[in-house]
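User: I'd like to learn how to read a fold from its coordinates. Could you walk me through it, one feature at a time?

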Amino acid sequence: EIIPSTKMLSAKKTEIYPRRRRGEEKCSREPLSLDEEQITKLFCFRQTEAADFLGISLTALKNACRRIGMQKWPYSRNRIKFSCDSEQ
């Protein structure tokens, strides 16, 4: 019997550590933990809209996607418009 390794069972996950905003002594925001499932739920948005929804920069979202293993955001302008709420 073949037992799968723990790497195969665990979902790919990454953490984003927000930077301190200008004028703050300490960063008041908590680190954001994202996994592959959470990011795929945002695919109906443009990448900039998804970053705004999460409250992070576009660059931080792109880096998180690359760490998880996604090379390109799958949103297409030609795709039929639909609500993300309808998928859940």
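User: Let's start with one residue: where does Gln-47 sit?

Analyst: In this predicted model, Gln-47 is in helix 3.

User: Is Gln-47 buried or exposed?

Analyst: The idea is to compare its relative accessible area with the cut-off: buried means under 20%. Gln-47 has 18%, so it counts as buried.

User: And which residues does Gln-47 touch?

Analyst: Leaving out residues up to four places away in sequence, Gln-47 touches Leu-58, Leu-61, Lys-62 and Trp-73.

User: Let's zoom out to the whole helix. Which residues of helix 3 are buried?

Analyst: Gln-47 is one of them, along with Ala-50 and Ala-51. Looking down the axis, you'd find these buried residues within an arc of 100°, so they line one face of helix 3. Turn to the face pointing away from that buried side and you meet the exposed residues Asp-52 and Phe-53.

User: What do the buried residues of helix 3 pack against?

Analyst: Helix 4.

User: How do I describe two packed helices?

Analyst: Use the angle between their axes and the distance between the axes. Here helix 3 (residues 47-54) and helix 4 (residues 58-68) pack at an angle of about 100°, and their axes are 9 Å apart. Angles of 65 to 115 degrees count as roughly perpendicular, and that is therefore how helix 3 and helix 4 lie to each other.

User: Which residues make that contact?

Analyst: From helix 3 come Gln-47, Thr-48, Ala-50, Ala-51 and Leu-54, and they meet Leu-58, Leu-61 and Lys-62 of helix 4. Sorted by class, the contact of helix 3 with helix 4 has 5 nonpolar, 2 polar and 1 charged residues.

User: Anything to look at just after helix 3?

Analyst: Check the backbone there: Gly-55 takes a positive phi of about 80°. Just after helix 4 you can look at Gly-69, with a positive phi of about 120°.

User: Now helix 4 itself. Which of its residues are buried?

Analyst: Ala-60, Leu-61, Ala-64, Cys-65 and Ile-68 are the buried residues in helix 4. They cover an arc of only 135° around the axis, which puts them on the same side of helix 4. The face turned away from that buried side carries Thr-59 and Arg-67, both exposed.

User: What covers the buried residues of helix 4?

Analyst: The cover includes strand 1 (13-16), strand 2 (32-35), helix 2 (36-40) and helix 3.

User: What about a residue like Asn-63, in helix 4? How accessible is Asn-63?

Analyst: Asn-63 counts as partly exposed, at 33% relative accessibility. Try a sequence-versus-space check too: Asn-63 and Ile-16 are 47 residues apart in sequence, but their C-alpha atoms are 9.1 Å apart.

User: Can we do that for a strand residue?

Analyst: Take Asp-35, found in strand 2. At 17% relative accessibility, Asp-35 counts as buried. Its C-alpha atom is 6.2 Å from that of Thr-14, and these two are 21 residues apart along the chain. Not counting residues up to four places away in sequence, Asp-35 touches Lys-12, Lys-13 and Ile-68.

User: How do I think about a nonpolar core?

Analyst: In soluble globular proteins, nonpolar side chains tend to be buried together. In this model, the largest nonpolar core has 15 residues, and those touching the most other members are Ile-16, Ile-39, Ile-56, Leu-61, Cys-65, Met-70 and Trp-73. Helix 3 and helix 4 each supply at least two residues of this core, and helix 4 gives the largest share, 5 residues.

User: Pick one of those, then. What does Met-70 touch?

Analyst: Met-70 touches Ile-39, Phe-43 and Cys-65, again not counting residues up to four places away in sequence.

User: Finally, the overall view. How many helices and strands are there?

Analyst: The protein chain has 4 helices and 2 strands, and along the sequence they follow the pattern α-β-β-α-α-α. Buried residues make up 23% of its 88 residues. For contacts with a separation of 6 or more, residues 24 or more positions apart account for 45%.

Notes
Residues are numbered from 1 along each chain as its sequence is written. This is a predicted model: local features need pLDDT of at least 70, side-chain atom pairs count only at pLDDT 80 or more; totals for chains, interfaces and linings use all residues. Side-chain values use heavy atoms; hydrogens and water are left out. Axes are lines fitted to C-alpha atoms, for helices over the stretch in contact, and angles run from 0 to 180 degrees between N-to-C directions. Angles under 35 degrees count as roughly parallel, over 145 as roughly antiparallel, 65 to 115 as roughly perpendicular and the rest as oblique. Contact means heavy atoms within 4.5 Å. Ala, Val, Leu, Ile, Met, Phe, Trp, Tyr, Cys and Pro count as nonpolar, Asp, Glu, Lys and Arg as charged, and the others, Gly among them, as polar. Buried means under 20% relative accessible area, exposed over 50%, partly exposed in between (1.4 Å probe, protein chains only). The arc is that of the directions from the helix axis to the C-beta atoms. A nonpolar core is a set of buried Ala, Val, Leu, Ile, Met, Phe, Trp, Tyr and Cys residues joined through side-chain atoms within 4.5 Å.
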